[in-house]
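Please have the model open beside you as you read. We will take it one region at a time, going from loops to sheets and then to the ligand.

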Amino acid sequence: MDFQELLTWADQQVLTHTGKPLDDLQKAILRGTWDREKYSDIAKSYNCTEVHVRKVAYQLWKTLSQSLEDGEQINKSNLRSMFHRWQVSNLSLLSRDIVHIRDVSVCGNPSHPSEVPKQQQSDRSPSPNNNKPHIDRSEAPDLKYSCDRHQQLSTLKNLLLEEGTRLIAVLGMSGMGKTAIALQLLSEIEDKFDCIIWRSLRGAPTLETTLKSLIQFFSNTNTDQNHKNQREGEQLSLLIEYLRNNRCLIILNDLHQVLEKNRLVGHYQPGYENYRNLFQTIAELSHQSCLIFNSWELPLEIVDLKNKNAPISCLQLESLGKTANKILEKECLLDEEKWSELIDIYGGNPHWLKIAATVIKDSFGSRVREYLQYKPLFLGEELTVILEQHLSRLSELERQILLQINSQKEAVSISWLRENSDRSSSDMLNAIRSLGKRSLLEKIEEQNSTLFAAQPIFKEYLLEQT
Ligand SMILES: Nc1ncnc2c1ncn2[C@@H]1O[C@H](COP(=O)(O)OP(=O)(O)OP(=O)(O)O)[C@@H](O)[C@H]1O
Ligand SMILES: [Mg+2]
């Protein structure tokens, strides 16, 4: 396969579909793409704007894709492999037998490229890019994070690299390890992408600001001159164009910062509702990239998108379970037989367990047994601040219900709550669902009913307050 073959093929295809041969810019785009140049470099050598190059390239990829029989799309990062596949299927059409190309044998019905063996199919998925990926980690924490979540990590890798998932939500309370797993993921898959950008939503940037910074990064411009007056719709179309033409990974950390407090879970703060347009666009339109966001809470529309079968996925980070023993071991705590009790009370949260370990070392001579006997449990200032942050997000009714549940020694049923509340049944059920989504309630399934109790650490905290 050489460039001249590609040029001849592309010329024929463009002539067939448009009635005109390739023009000079189209040839320059093919040459630049073949040489793995960026659009901005092609634009520079052709002396025109990058936006113009992208527009012409987008049209060219669409025209060339018409020559593929199974509806697959050609783009900048898969041009070589798609052309290679086209050659394979057309050669085999001629020989109607087995074709050997390099060391790969392709057998079977040649008119169905989707039946090409796995070894070749992996060629089709964008990337392994020989060029170094373009990465912006300027807003990612530069700390040493540990992450022992091998199973979730491989789930994420599978969603990204095999399943073509376009939107992934990584959910969990503070300290569960969302940032840690995202950083670990990044270090393991960065060579599979053309561009990677990490953005923090900690300062609650508006959607316009976030889009502007993404577009600046993807378009490789340092000033915002070119994109100054773009409206949201235009920004989104431009973003999608980049996500189509390149294999990009966007990580948005701390999405809950743009979600509203004192309301049921999953609503945006006023002025931030248009983040939903970003997620909807990324989930619904076709492209070859992915956006991952980390959050304490899941925005409501994501559930709707999932129900529409959009290629999106949610990964809830749960208790570390026995793996958390390693944290306690590292902290040199005593009374190993009591560790599982400690882990359960702290919901298997790595950060909270590290805080607990410090408290136990400082005040209980590292003796876990003695610490657990001390009632109400002593949580320490550092953890109290974090738990209060979670509780400060609840609606008034959620707070009431949580206190009501916590006032009982045993877990309570929905009918008990209904009997003991003057609120409508639907208000109450919505509030219970919301508490559940925030991981503040534990559900206990009995034979004929479901019982609810506060998550152990919140139970301890609320008891400490009364
Ligand atoms: N699987 C793990 N094993 C051991 N330590 C872990 C693990 N996951 C996270 N940690 C540690 O727990 C701490 C909190 O992790 P991290 O900051 O990733 O949590 P988070 O979910 O992003 O929290 P927040 O929502 O507050 O940002 C870090 O010190 C991290 O190194
Ligand atoms: Mg984090």
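Where is the place of aspartate 335? Aspartate 335 sits in the loop between α13 (325–330) and α14 (339–345). Keep in mind as you look that this is a predicted model. The backbone at this position deserves a glance, for aspartate 335 has a positive phi, near 55 degrees, in a residue other than glycine.

Asparagine 262 invites a similar look. Its phi is positive as well, at about 55 degrees, although asparagine 262 is not a glycine. You will find asparagine 262 in the loop between β6 (248–253) and α11 (275–284). One further backbone detail belongs to a loop: the peptide bond that leads from lysine 375 to proline 376 is cis, with omega near -10 degrees. Proline 376 is part of the loop between α16 (368–373) and α17 (381–391).

Now let us turn to the sheets. Strands of a sheet pair through backbone hydrogen bonds, in either a parallel or an antiparallel sense. This model offers a sheet with parallel pairing and another with antiparallel pairing.

The parallel one is an open sheet of six strands, and if you walk across it you meet them in the order β3-β5-β6-β7-β4-β8. At its edges stand β3 (134–136) and β8 (312–316), each with a single partner strand, so one side of each is left without a neighbour in the sheet. From one strand to the next, the twist averages 10 degrees. For a closer view, pick the pair formed by β4 (residues 167–171) and β7 (residues 290–295): these strands run parallel and are joined by five bridges. Within that pair, isoleucine 168 stands opposite isoleucine 292 of β7.

The antiparallel one is an open sheet of three strands, ordered β9-β11-β10. Here the edge positions go to β9 (412–413) and β10, and each has a single partner strand, so one side of each lacks a neighbour in the sheet. Strands β10 (residues 441–445) and β11 (residues 450–454) run antiparallel, with five bridges between them. The two form a hairpin, with four residues between the strands. Next to that connection, look for glutamate 445, whose bridge partner in β11 is threonine 450. On the other side of the sheet order, β9 pairs with β11 in the antiparallel sense over two bridges, and serine 413 has leucine 451 of β11 as its bridge partner.The last stop is ligand 1. Why does ligand 1 lie between two domains? Domain 2 (134–316) and domain 3 (321–374) both give residues to the shell around ligand 1, so the ligand lies between them. That shell holds 20 residues, and those that come nearest are Gly175, Lys178, Thr179, Ala180 and Trp296. By character, the shell divides into nine nonpolar, six polar and five charged residues.

Several side chains place polar atoms close to oxygen atoms of the ligand. For tryptophan 296, an N or O atom of the side chain is 2.8 Å from an oxygen atom of ligand 1. Serine 174 has a polar side-chain atom 2.9 Å from a ligand oxygen, and for lysine 354 the corresponding distance is 3.3 Å. Taken as a whole, the protein covers 85% of the 630 Å² of accessible area that ligand 1 has on its own. As for secondary structure, the elements that give two or more residues to the shell are α8 (178–189) and α15 (350–364).

Terms used: Residues are numbered from 1 along each chain as its sequence is written. Chains are lettered from A and ligands numbered from 1 in the order in which they are written. This is a predicted model: local features need pLDDT of at least 70, side-chain atom pairs count only at pLDDT 80 or more; totals for chains, interfaces and linings use all residues. Side-chain values use heavy atoms; hydrogens and water are left out. A residue is near a molecule or strand if one of its heavy atoms lies within 4 Å of it. A polar contact is a pair of N or O atoms within 3.5 Å; within protein, one must be able to donate a hydrogen and the other to accept it, and residues adjacent in sequence count only if both atoms are side-chain atoms. Accessible areas come from the Shrake-Rupley method with a 1.4 Å probe; for residues, only the protein chains shown count as cover. Ala, Val, Leu, Ile, Met, Phe, Trp, Tyr, Cys and Pro count as nonpolar, Asp, Glu, Lys and Arg as charged, and the others, Gly among them, as polar. Domain bounds come from an automatic or database domain assignment. Two strands pair if DSSP finds at least two bridges between them. Axes are lines fitted to C-alpha atoms, for helices over the stretch in contact, and angles run from 0 to 180 degrees between N-to-C directions.
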